[in-house]
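Open the model in your viewer and keep the sequence panel visible. The stops below say what to select and what is there.

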Amino acid sequence: MIPLSIPNFEGNEKKYVADAVEQGWVSTGGAYITRLEDMLMEYLHTESVAACQSGTAAIHLSLLDAGVGAGDMVIVPALTFIAAVNPVKYQFAEPLFMDCDDSLCMDPQKLRKFCEEECQYSNSRLIYKKNGKQIKAIVVVHIFGNIADMEQIMDIAEEYGLVVIEDATEALGTHYTEGRYKGRYAGTIGHYGAYSFNGNKIITTGGGGAVTARTAAMVENMKYLSTQAKDDPHFYVHNRVGYNYRMTNLQAALGVAQMEKLPEFIRRKQNNYKTYQNLLADLPMVKLLQFRMGTSSNKWFYALELSMENLYEDIRNIITKMEDCGVQTRAIWGLIPEQKPYINAMTYRIEKAVYYSRRILNIPCSTQISKEEIQFVVSVLRKVLGEMSHE
Ligand SMILES: *Cc1c(COP(=O)(O)O)cnc(C)c1O
């Protein structure tokens, strides 16, 4: 079976984890945590990073530090993994779902139109006319390792006083190579950036994540909140409700080994993408999604756009038939405003997200995949699609 996306532990993972166990530092203290944070800071060219339990926790900490709470609204994508949106609910704030563009990331033109036409901006507050609530923040997700159009999004955010939380959980390593943000990494352009080291991400700590922000003080506050908000080094004094969100040293040991391999992982993902690109070029009915011009993407996930009818059934068929041939694929997420907890949520002209939610198939992208395996994946895809067009 060729898996969709599995972790790669060919580096120092076992050595560092065994070291952490031997030293007895397995929990939320230990040298690997700070070492991982230092490596992330250097890699991302950012001043401060806090390692935490998950990407979801990183987004939640960002909302907490930004002061988003009950009665506030947050603009979120309609087409993404639900973990990008759930933390808005943890804060008893209300999401407003925004459409994507052809990059699958948030559509900046719609975002602008929404702010201009559906909201009122006065006294540095953006008020949604429909319910009188203040829109405080946007969660921008960099889908599949691509990066959203941050130049436009930051302009709009600045104009309307919005806090930008970048969900860079899928885009560690993606950066601009041209334009205003040349050299800047996904997650370090907005006010906050969240990363995930879940098992399927480009590097993994089993479960885990990290958060960065504009200033060291913001990161320091999130670190404080992630360790039960303890206010005295010796006594149990707590001035706020804190969380158990800090990364453990065991996770960080894995993370340090993975960070050593990150550039190599990205190189392989980029090469494999090229191989797919060449092999898929003449295949009708599928289009390999591209990454933004003027950026270098980590090419974390490969996405095919299918051009077919009866898409839900067809995609289910393709996934099953490919699996029977030993190739694991998956459909893109369901629209979040169609999920039960969000069924009554506010939306703004969701069109492309609907279109893409029925047409995207993800194909194997692990860093270990060989050229022969990629050829096999494409030959199976060719066969399955050929059969279906004759049915
Ligand atoms: C993986 C992921 C998350 C959540 O990360 P966890 O570490 O699993 O909590 C959030 N948003 C997106 C887009 C993701 O892909």
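Helices here are DSSP runs of H or I with at least four residues, numbered from the N terminus. Axes are lines fitted to C-alpha atoms over the stretch in contact, and angles run from 0 to 180 degrees between N-to-C directions. This is a predicted model, in which local features need pLDDT of at least 70, side-chain atom pairs count only at pLDDT 80 or more, and totals for chains, interfaces and linings use all residues. Residues are numbered from 1 along each chain as its sequence is written, and side-chain values use heavy atoms, with hydrogens and water left out.

Select residues 311–324, helix α9, and residues 371–390, helix α11: they pack at about 135°, with axes 10 Å apart. The two helices are therefore oblique to each other (not under 35 degrees, over 145 or from 65 to 115, the ranges for roughly parallel, roughly antiparallel and roughly perpendicular). Show the side chains in contact (heavy atoms within 4.5 Å): from α9 they include D314 and I318, and from α11 they include V377 and L381.

Next, select α1 (residues 13–23) and α8 (residues 249–280), which pack at about 155° with axes 8 Å apart. That angle makes α1 roughly antiparallel to α8. Among the contact residues are Y16 and V17 of α1, and L250 and A253 of α8.

Finally, go to the ligand. Which residues come nearest to the ligand? Of the 14 around it (a heavy atom within 4 Å), they are T56, D167, E170, S196 and K201. A side-chain N or O atom of T56 is 2.4 Å from a ligand oxygen. For D167, a side-chain N or O atom is 2.7 Å from a ligand nitrogen.

Technical notes
A polar contact is a pair of N or O atoms within 3.5 Å; within protein, one must be able to donate a hydrogen and the other to accept it, and residues adjacent in sequence count only if both atoms are side-chain atoms.
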